[in-house]
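This report goes through one protein model, from its overall make-up to its strands, cores, pocket and a few single residues. The sequence and the coordinates come first.

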Amino acid sequence: MKMCAEDIEFTVIRTDRKTADIVIERSGDVIVRAPNEIDDGRVRQAVADRALWVHRSLAEWESLNASKRKRPIAQGQGFTYLGRSYRLKFVENAKVSLTLKNGRWELCERFAAEVGEVGVRKAFRDFYIEKGRKVFGERVAHFAPMVGVSPGEIAVKELGYHWASCGSGGALNFHWKTMMAPLTVIDYIVVHELCHLRHRDHSGAFWNEVDKVLPTFRQRKEWLREFGAGLDL
């Protein structure tokens, strides 16, 4: 439900939670998660009371996203994998369309000519998805016992403006773009979602759970906030 207060447009999501929570999504949208029993007037007032924080957060979001750019598919262009940038090299007679080999990306010249830029970007996404299934499978298996949960299926896919999500039956979904982040940040994303299997909100109890498993989570969370916009093709 769309609403407005203090020239701030926001979306209200009603839940069983006890208090209202305001967040700025990666898309720049302002989301208010409010208890079912709070009427619209009180929701607007809650946003109005935090108008200065919301405006500052939106300004910060615009600054962080100003450097976001689309990388050209060109010889020598850098594309990131697990926190490290590798240069792209066109290879004449490659056996596979795209691979990471000997410290560089190798892209089959003939494949690139046939599928064009859209097809090459899809090949990158497919690479991240394939590698992500193994990486996230291993990291979830490592951290799940520490959190004390038994997650369901693990998937790596397109998730829009969400880094990850947890669904019914303990299913965990991770954005393919997260495979560009350092493994330390990937671990934070994994622990974050595993803790959501115990606490569905971002309450103090939730963050305490994250802190028990990853005492350095704040630095990893900050890295994602600061550099997340650059995790793109």
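Of the 233 residues in the protein chain, 43% count as buried. The model is a predicted one. Its secondary structure consists of six helices and 11 strands, and the C-alpha trace spans about 65 × 45 × 30 Å along its principal axes. Among contacts between residues at least 6 apart in sequence, 47% join residues at least 24 apart.

**Strand pairing**

Strand β11 pairs with two strands, β9 and β10. With β9 (residues 154-157) the sense is parallel, over four bridges, and Lys 157 has His 175 of β11 as its bridge partner. With β10 the sense is antiparallel, over three bridges, and here Ala 164 is bridged to Phe 174 of β11. β10 and β11 form a hairpin with five residues between them, and Gly 169 in the turn has a positive phi of about 70°.

In a regular strand the side chains alternate between the two faces of the sheet. In β11, Leu 172 and Phe 174 point one way and Asn 173 and His 175 the other, and all are buried.

Asn 173, in strand β11, counts as buried because its relative accessibility is 15%, and the cut-off for burial is under 20%. Leaving aside neighbours within four places in sequence, Asn 173 is in contact with Ala 155, Lys 157, Leu 159, Trp 163, Ala 164 and Ser 165.

A hairpin is also formed by β7 and β8, with two residues between them. β7 (residues 98-101) and β8 (residues 104-108) pair in the antiparallel sense over four bridges, and the bridge partner of Leu 100 is Trp 105 in β8.

**Positive phi outside glycine**

Most residues other than glycine have a negative phi, and most peptide bonds are trans. The table lists two residues that have a positive phi without being glycine.

| Residue | Phi | Loop | Relative accessibility |
|---|---|---|---|
| Leu 82 | near 50° | between β5 and β6 | 30%, partly exposed |
| Asn 102 | about 55° | between β7 and β8 | 66%, exposed |

Asn 102 is exposed because its relative accessibility of 66% is over 50%. Leu 82, at 30%, is partly exposed because this value lies between the cut-offs of 20% and 50%.

**Nonpolar cores**

The largest nonpolar core has 49 residues, of which Trp 105, Phe 124, Tyr 128 and Leu 194 touch the most other members. At least two residues of this core come from each of β5 (78-81), β6 (84-91), β8, α3 (109-147), β11 (172-175), α4, α5 (204-213) and α6. The most is given by α3, with 14 residues.

Which residues does Leu 194 touch, not counting those up to four places away in sequence? They are Val 140, Phe 143, Ala 144, Val 147, Val 149, Pro 151 and Leu 172. A second, separate core has 15 residues and includes Phe 10, Ile 38, Val 43 and Leu 58.

**Leu 183**

Leu 183 lies in helix α4 (residues 183-196). With a relative accessible area of 38%, Leu 183 is partly exposed. Apart from neighbours within four places in sequence, Leu 183 is in contact with Val 135 and Arg 139. Leu 183 and Gly 83 are 100 residues apart in sequence, yet their C-alpha atoms are 7.2 Å apart.

**The largest pocket**

Rolling a probe the size of a water molecule over the atoms shows where empty space is left. The largest pocket has a volume of about 1,700 Å³. Its lining is made up of 44 residues, and those nearest its centre are Val 23, Ile 24, Glu 25, Arg 26 and Lys 221. The elements giving two or more residues to this lining are β2 (8-15), β3 (21-24), α2 (51-65), β10 (164-166), α4 and α6 (217-227). The largest share, six residues, comes from α2.

How many residues of the lining of the largest pocket are nonpolar, polar and charged? The lining divides into 17 nonpolar, 10 polar and 17 charged residues.

How values were computed: Residues are numbered from 1 along each chain as its sequence is written. This is a predicted model: local features need pLDDT of at least 70, side-chain atom pairs count only at pLDDT 80 or more; totals for chains, interfaces and linings use all residues. Side-chain values use heavy atoms; hydrogens and water are left out. Two strands pair if DSSP finds at least two bridges between them. Buried means under 20% relative accessible area, exposed over 50%, partly exposed in between (1.4 Å probe, protein chains only). Contact means heavy atoms within 4.5 Å. On a 1 Å grid over the protein atoms alone, a cavity is a set of points where a 1.4 Å probe fits but cannot get out, and a pocket is an open set with protein on both sides within 12 Å along at least five of seven lines; lining residues have an atom within 4 Å of a point. Grid points are joined across faces, edges and corners, and a volume is the space filled by probe spheres set on the points. Ala, Val, Leu, Ile, Met, Phe, Trp, Tyr, Cys and Pro count as nonpolar, Asp, Glu, Lys and Arg as charged, and the others, Gly among them, as polar. A nonpolar core is a set of buried Ala, Val, Leu, Ile, Met, Phe, Trp, Tyr and Cys residues joined through side-chain atoms within 4.5 Å.
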